[in-house]
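This report describes a single protein chain and the ligand that accompanies it, moving from the overall fold to individual helices and then to the ligand's surroundings. The sequence and the structure are shown below.

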Amino acid sequence: SEVTNITNRLDSFLGSVNIIISGGGKGRSWKWKDMLRFPHISQCMELAKTLERDYYSLCVKQPIGRQLFRLFCQSKPELRHCLIHYGRGGMSSECVQVVERYGEGCRESLEEQHSREVFIDCTDDLHEYLSGAPFLQYQQSMYFDRFLQWKMVERQPVTKHIFRQYRLLGKGGFGEVWAFQARASGKMYACKKLEKTHVKKGKGEAMALNEKQILETLNSRFVVSLAYAYETKQSLCLVLTIMNGGDLRFHIYNMGTSGLEQDRVQFYAAEVCCGLHHLHQMNIVYRDLKPENILLDDNGHIRISDLGLAVTLSEGNLVRGRVGTLGYMAPEVIGNDYYGLSPDWWGLGCLVYEMTAGRSPFKRKGERLIGKEMERRIQEEEEEYGKIFSNETKDFCRLLLTKDPRDRLGCQGSGVYGIQSHPFFRTINFRRLEAGVIEPPFKPDPRAVYCQDVQDIDEFSTVKGVILERADNDFYIKFNTGSVAIPWQTEMIEMGCFKELNVFGPQGSRPPDLDW
Ligand code: ADP
Ligand code: MG
Ligand code: MG
C-alpha cells in the first residue's frame, strides 16, 4: 500500500506536469487517434448481428447514433427537410414544412399556439415517419457502418491505462475518489474506487452492484452520470461526472455564515427536485438526501450523487428498510413501515430547512444527540421556524415535513407538480431549468478548493486477512462492463473526437459541417 500510495502521488504529480506541458490544451494523449482507431467493417459483423435495431435507441437517444442518422438524412434530398431546426422558442420554416407534411393535427394546433408542447407532438409525428422506411434505408448506408465502427470502439475493454490520475477528491466507505482524465479525449472525470478487500469485508457486493446498475440507467443533468465501470487488480472503479465545486454541506457551513441566501436555496432545491423526479420516473427511491450528497460543478449547477442506498421499486410495490443517514430519515423509514417514493420528499423538506436555517430541523446547533432521541423527535416533534424563514419557505417545509406520508406534499395525486407549483418556486421556470439554460445564482471560484484540505483526509486503511477468491470473480464480471453508451458518446462529441475522426471516403472527405 505504501508503494501504491507513492506511485499514486507520483502519478498525480506527473499529471500536473502533463497539464503544464500541454499548455492547458485539450489534454489528449499524443496516441489518442490510435486509442480510438476504427476496426475494419468486416470486424463489425458480429455486432451487426446482435445489435438491437431499435430506432429510438439508435437514432435518438445515443448521441453518435443521432449524429450519424442526421448525416444520413442530410445526404438524401427527400429527407433533408426532416432535420429539425429550432432555435430558442421559435421554429424555422423548414420545420413548419415537415409539420405540414407529416402531421395534419399537428399543424392545426400550431396555428393556435406556437408553443413548445405542440412542437413536441410534432417531433413525435416526425419520428414515427423516420422510424419506418428511412430507418431501414439508413441501416443499409455507410453511415450505419460507421455507427457500428464507433460502437466497436466504444466497447473496447476498459482498463486503468485509459485514464490519467490526478488529485484526491474525497473518501468514501469503500475507497477513495480521484480526479481522472480520459487519455483519448482529455475529458475530466471523478473515479470512485471501491477496494475489493473492503467491499468483501463489509459484504458490500450487492450494494456496489446496485449502485452501478442504477447509475448506468440514468441520464439526467441533475444526477451524476456513470461513464465507465471497470476493475483493476485491487479495485472496482466507477468513473463519474466530476463535480469540482464542493458539496452543499460545505457551502452551508464552511463559507463564513451558516445557511444560504434564499435565491440559492430555491435554485438548488429546484434542481434537486428535478433530479428526484428523474429517479422517481424510473421508480427509483433515492433514500439518502442530505447536503453532503449534493455536489456542485464548476458552473454552480448541482447533481445528486452517491446512489448506494437507492433502490428500484418493482411495479407498484413498496419497500421496507431502515436505511439512510441519522437525522435525515423520514418517519415512515424510522418506523420500519412499507414506503414508496415518499422518503425523498421528506428529504427535500429537510434539505430546504437546513440550507435556510444553517442547521437540520431536529437538532439545535452544536447539539449532540443519541440516535433514539433523534428518532423520537422526527416521529413526534413539530419542527420550529425562526425569523429567517419567509412565509413561502416555511409553508413549503411544513408541507414536505408532514409526518404522515399520505398527507405529504409530493405524495398525492399531482405528484411532483404539486411541489413545483408551490409559491416557494414561483421564481423558477422549470422548463428552462430542465433545459439547462438558467444561470446559477452562485459560481464557484475556479481557484478555490471547496473541501477539507486533502492532507486532512486520512490515508485509506488496508484490510488484512481478506483473501480474494475465484468465486468473487462472478461479481467482478457483472461490475466490469466498461463504457456506458450515452456518456461515452457524449464525451466523444463534446471533446471534438467525433468531428475529427468521423471522416468518410478514401480522399478523407468529410460531409460539410452541420449545425446540430
Ligand atoms: P460513499 O458512497 O462511500 O459515501 P461517495 O460517493 O459519497 O462515497 O464519495 C465519497 C466522497 O468523494 C464524497 O463525499 C465527495 O467528497 C467525493 N466525490 C464523490 N463523487 C464525486 C464526484 N462525482 N465529483 C467530485 N467528488 C466526488
Ligand atoms: Mg457518501
Ligand atoms: Mg454511498
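Two residues are taken to be in contact if their C-beta atoms, placed from the backbone, lie within 7 Å. On that basis, among the contacts in the protein chain with a separation of 6 or more, 67% are accounted for by residues 24 or more positions apart. The model is a predicted one, and its protein chain has 24 helices and 10 strands. Of the 516 residues of the protein chain, 35% count as buried.

According to the UniProt record, an unreviewed entry, the annotation "domain: Protein kinase" covers residues 163–425. Over residues 163–425 the chain is 34% helix and 18% strand, with the end C-alpha atoms 41 Å apart.

Two helices can be set against the span expected at 1.5 Å a residue, where the expected value is 1.5 Å times one less than the number of residues.

| Helix | Residues | Number of residues | Expected span | End C-alpha distance |
|---|---|---|---|---|
| α11 | 142–154 | 13 residues | 18 Å | 18 Å |
| α15 | 262–281 | 20 residues | 28 Å | 28 Å |

For α15 the expected span and the distance between the end C-alpha atoms agree, and for α11 they agree as well.

How is α15 placed with respect to the rest of the structure? Because 14 of its 20 residues are buried, α15 is largely enclosed by the rest of the structure. Just after α15, N283 takes a positive phi of about 65°.

The largest nonpolar core holds 107 residues, of which V272 and L348 touch the most other members. To this core α15 gives the most, with 10 residues. When neighbours within four places in sequence are left aside, V272 is in contact with I294, I302, I304, L348 and L351.

In α11, the buried residues are Y143, F144, R146, F147, L148, Q149 and W150. The buried residues of α11 pack against α3 (45–50), α5 (63–75) and α10 (133–138).

Turning to the ligand, 20 residues surround ligand 1, and the closest are G170, G172, G173, V177 and A190. By class, the shell around ligand 1 has 10 nonpolar, six polar and four charged residues. At least two residues of this shell are supplied by each of β1 (163–171), β3 (188–195) and β5 (235–241). Which strand gives the most to the shell around ligand 1? That is β1, with three residues.

Definitions and conventions: Residues numbered from 1 in each chain as written. Chains lettered and ligands numbered in written order. Predicted model: local features only at pLDDT ≥ 70, side-chain atom pairs only at ≥ 80, totals over all residues. Helix = DSSP H or I, 4+ residues; strand = E, 2+ residues; numbered from the N terminus. Buried ≥ 20, exposed ≤ 12 C-beta atoms within 10 Å, placed from the backbone. Near = placed C-beta within 6 Å. Nonpolar A, V, L, I, M, F, W, Y, C, P; charged D, E, K, R; others polar. UniProt positions renumbered as here; feature names shortened; annotations may be inferred. Core = buried A, V, L, I, M, F, W, Y, C linked by C-beta atoms within 7 Å.
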